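Let's talk through the aromatic rings of this protein and how each label is earned. Have the structure open as we go.

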Amino acid sequence: MSPIYTPTALEQAADKPIPPADELAGTFHLISNTNPASQEHLDEVLANPGFGDYFTDHMALAEWRHDGGWVSKEVRPYGPFPMDPADSVLHYGQEVFEGIKAYRWSDGSIWTFRPRFNAARLNHSARMLALPELPEEDFLASLVDYVRADARWVPSQDGQTLYMRPFMFASENFLGVRPSLKVTYSVIGSPSGPYFDNGFQPVSIWVTKEHHRAGVGGTGSAKTGGNYAASLRAQELAYDKGYQQVCFLNTDYTTLEELGGMNVFVVADDGSVLTPTLEDGTILEGGTRSSIIRLLGDNGHEVIQTRIVLDELVDGIKSGKYTEFFACGTAAVVAPIGKFGGDDFTVELPAGPVTTWVHDTLTGIQFGRVPDPYNWMYRLL
């Protein structure tokens, strides 16, 4: 690992041992769906799942009350929540979520990737949004019990996964501006293929100088719906210009932060790799980002977390100083950035060998094709 790298609080939490899944199983009581999807329908879905378009037979559910803590832990049939028009989340946006995948290995077993990182980050986000923390073992147990109830929905085709969405939201019905006294936690899942339709192919990124995703002192480091809502208008403008994603800058529009839902890395011609620093609290700390820093550092690359100045990056790409540029996140894993543009520049790069190695190594670990020296994978079933 690069000598300048110090693990973050989330990374340290992620490295804590996890009880075997069999010890956690049963924490969320199963109420079986008596009308599950037919095998014919399931086969149709798994033949072409898209991303986030179809949902499984069950969902995990728990409730929190200020005077009783977390109760009613269940896996029950997938279906609507009872909602009141005055539910707090509809008015004040008190909500956080996670994204994590279940992978079916060639032997039929089902695994997930660094789940304690997601458990710790959900609680970080909850603290930022004045929501209650969920015990990490309950988070882990909700994944175990949910996946075991819907194991048939975990795809077996190469590159496909069951994308899981743990989330919690304020569910007390009131209109006063204060933290909710009632909160709902749930896990839903969707069998999914590649996030980008063309898979591991270069994507195009537009730099916005009109919009910000987050500001210093705000909720940028939390995984909350408001941050994504704040990115959507800029995303629309990027689409209009023929680009697939948008890149946000800091508040004075000089340095890179992140895409709407992905972290970024820049590879230099000397083999060093740059990624935006987290120190301002405006960037979501990604588990994929963390893993890539570890992989690169352990394989001879100096990984530098720093402020990446936009003008210097563009000039460096033009001169050949920076040879590769890629984005990463749970959904897409690794995506080469092939075209990078703004109001006064456009540059293009290939999907180079470092990006390809990172993608192949990380997905190889996740699908059980290559050794996992970090014990990142956790068996669910």
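Q: Why is Y78 called partly exposed, rather than buried or exposed?
A: This is a predicted model, and in it Y78 has a relative accessible area of 37%. Buried would need under 20% and exposed over 50%, so Y78 is partly exposed.

Q: What makes F55 and Y78 a stacked pair?
A: Their centres are 5.7 Å apart, with 10° between the planes. Rings pair within 6.5 Å, and planes under 30 degrees apart count as stacked, so both conditions are met.

Q: Why does this pair tie together parts that are apart in sequence?
A: F55 sits in the loop between α3 and β2, while Y78 sits in the loop between β3 and α4, so the parts joined are 23 residues apart.

Q: Why is the pair of F325 and F340 called edge-to-face?
A: The ring centres are 5.0 Å apart and the planes stand at 90°. Planes over 60 degrees apart count as edge-to-face, so the label fits. F325 belongs to strand β15 and F340 to strand β16.

Q: How do you know whether F325 and F340 are buried or exposed?
A: F325 has a relative accessible area of 2% and F340 has 0%. The cut-off for buried is under 20%, so F325 is buried and F340 is buried too.

Q: What makes the charged end of R178 count as sitting over the ring of F174?
A: The charged end of R178 is 4.0 Å from the ring centre, and the distance limit is 6 Å. The charge must also lie within 35 degrees of the ring normal, and R178 is listed as sitting over F174.

Note on methods
Residues numbered from 1 in each chain as written. Predicted model: local features only at pLDDT ≥ 70, side-chain atom pairs only at ≥ 80, totals over all residues. Heavy atoms only, no water. Phe/Tyr/Trp six-rings, centres within 6.5 Å; stacked < 30°, edge-to-face > 60°. Helix = DSSP H or I, 4+ residues; strand = E, 2+ residues; numbered from the N terminus. Buried < 20%, exposed > 50% of the residue type's maximum accessible area, 1.4 Å probe, protein only.
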